[in-house]
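This report describes one protein chain. Look at the sequence and the structure first, then read on.

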Amino acid sequence: HVIRHGEAQHNVNEKFLLKHNTRLTKRGQRQAKSLHRLLPKLKPQAAVTSAVLRALQTTRGIGFCGPTVVVPEAREVGGWPANSPIESREALSNEMEAKFGRYDWSLVTTGPGRRRSHWESTRQIKDRARRLSRWLERRSEESLLLVSHGEFLQHLTGDDYMDNCEVRSYSLHRGKW
């Protein structure tokens, strides 16, 4: 099951594209919480989320209590500062540890300084989408939640652009959604 993050600051005011760690708006928080009622129907065994703050906040807001893996490949496209992922070291800091410290950050590279987003070519985005698809297919769970971003999800699934907190269900077979 694929979910686009809830409404975030940059969705209502483009000036936030130039800021790191844009947050969900109050509306985005309500959108995420409203998805909790779908969990019994979706029956996810694990959640996979982008390391961008608005996706992490959406994942937390949904209220899924199972294993949650932070996957760098699920990040948004485009080199805006708002699309920069937070680092695992930052996620485990005092402020955020209570919110995201229990997530599995083992796939996120830790290094000095903020990991910056950069502008990727279409080919690089498609390659990243293929890597994520292969990784998802290798997982043992039959039902997963993937919380990611609108433009990247278009590249990943080949489907139309999604609304904030829209949920779509797919089968993934040999890299095809």
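## One residue and its neighbours

The model shown here is predicted. A useful place to start is Phe152, which touches Glu73, Ala74, Arg75, Glu76 and Val77. Phe152 also touches Ile125, Arg128, Ala129 and Leu132. This list leaves out residues up to four places away from Phe152 in sequence.

## Two nonpolar cores

Phe152 is one of the residues with the most contacts inside the largest nonpolar core, along with Leu132, Trp135, Leu136, Leu146 and Leu156. That core has 18 residues. Four elements each give two or more residues to this core: strand E2 (46-49), helix H7 (122-138), strand E4 (144-148) and helix H8 (150-157). The largest share, five residues, comes from H7.

A second core is separate from this one and has twelve residues, including Ile3, Leu42, Ile62 and Cys165. In soluble globular proteins, nonpolar side chains tend to be buried together.

## The whole chain

How many helices and strands does the protein chain have? There are eight helices and five strands. Read from the N terminus, their order is β-α-α-α-β-α-β-α-α-α-β-α-β. The radius of gyration of the protein chain is 15 Å, close to the 16 Å that the globule rule gives for 177 residues, so the chain is as compact as a globular protein of that length. The C-alpha trace spans about 35 × 35 × 30 Å along its principal axes.

Contacts in the protein chain can also be sorted by distance along the sequence. Of those between residues at least 6 apart in sequence, 72% join residues at least 24 apart.

## Surface and charge

Of the 177 residues in the protein chain, 48% are buried. The chain exposes about 9,500 Å², and carbon and sulfur atoms supply 47% of that area. The protein chain has 31 positive and 19 negative charges, and the mean positions of these two sets are 2 Å apart.

## Arg23 in a loop

Where is Arg23 placed? Arg23 is in the loop between helix H1 (9-12) and helix H2 (26-34). Its relative accessibility is 31%. A residue counts as buried under 20% and as exposed over 50%, so Arg23, at 31%, counts as partly exposed.

Arg23 can be compared with Gln154 in two ways. Along the sequence, Arg23 and Gln154 are 131 residues apart. In space, they are 22 Å apart, C-alpha to C-alpha.

Technical notes
Residues numbered from 1 in each chain as written. Predicted model: local features only at pLDDT ≥ 70, side-chain atom pairs only at ≥ 80, totals over all residues. Heavy atoms only, no water. Rg over C-alpha atoms; globule rule 2.2 N^0.38 Å. Buried < 20%, exposed > 50% of the residue type's maximum accessible area, 1.4 Å probe, protein only. Contact = heavy atoms within 4.5 Å. Areas by Shrake-Rupley, 256 points an atom, 1.4 Å probe, with all protein chains shown as cover. Lys, Arg positive; Asp, Glu negative; His and termini not counted. Charge placed at Lys NZ, Arg CZ, Asp CG, Glu CD. Core = buried A, V, L, I, M, F, W, Y, C linked by side-chain atoms within 4.5 Å.
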